[in-house]
Amino acid sequence: AQAILAQATSKQARTHGSQHLAAQLAAMATKPIKSLESEEQRLHRIRITLTSRNVKSLEKVCADLIAGAREKELQVAGPVRLPTRILRLVVRKSPNGEGTNTYDRWEMRIHKRLIDLHSPSDVVKQI
């Protein structure tokens, strides 16, 4: 576009450039433009995040999702195992503060998995 504007401002373009400029603009308008938007509308990058306290059930759900996606011949990445979050709570055993200082240590582990799918959203809903 800058080259076209530079030609339009030059001295030669003032005399013969209007026809040349019109021809270039017409050629640009008739060029077939590859529409990436239509392809993007068809395929979505879907990221599913699963969290659970129980590792066995989490792995089973991940395996079921991946098996269903591969059955429909979708591109699957994962499961990606993210770091386990450990929530710790340390509490005094004694209700009134008397006696020896004894503590209960409670913890809850939260496991997290990521699964990436490249497919139309309606196909993912069927899985």
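**Ala63, the nonpolar core and model confidence**

Colleague: In which helix is Ala63 found?

Modeller: Helices (H or I, at least four residues) and strands (E, at least two) are DSSP runs, numbered from the N terminus. By that numbering, the helix that holds Ala63 is α4.

Colleague: On what basis are such values given?

Modeller: Residues are numbered from 1 along each chain as its sequence is written, and side-chain values use heavy atoms, with hydrogens and water left out. This is a predicted model, in which local features need pLDDT (the predictor's confidence in each residue, from 0 to 100) of at least 70, side-chain atom pairs count only at pLDDT 80 or more, and totals for chains, interfaces and linings use all residues.

Colleague: Is Ala63 buried, partly exposed or exposed?

Modeller: Buried means under 20% relative accessible area and exposed over 50%, with partly exposed in between (1.4 Å probe, protein chains only). The relative accessibility of Ala63 is 42%, so this residue counts as partly exposed.

Colleague: Which element gives the most residues to the largest nonpolar core?

Modeller: A nonpolar core is a set of buried Ala, Val, Leu, Ile, Met, Phe, Trp, Tyr and Cys residues joined through side-chain atoms within 4.5 Å. The largest one has twelve residues, among them Ile46, Leu58, Cys62 and Leu117. Two or more residues come from each of β1 (44-52), α4 (55-71) and β3 (103-119). With four residues, the element giving the most is α4.

Colleague: What share of the residues reach a pLDDT of 70 or more?

Modeller: Over residues 35-41 the pLDDT is below 50. The chain has a mean pLDDT of 75, and the share reaching 70 or more is 65%.

Technical notes: Contact means heavy atoms within 4.5 Å.
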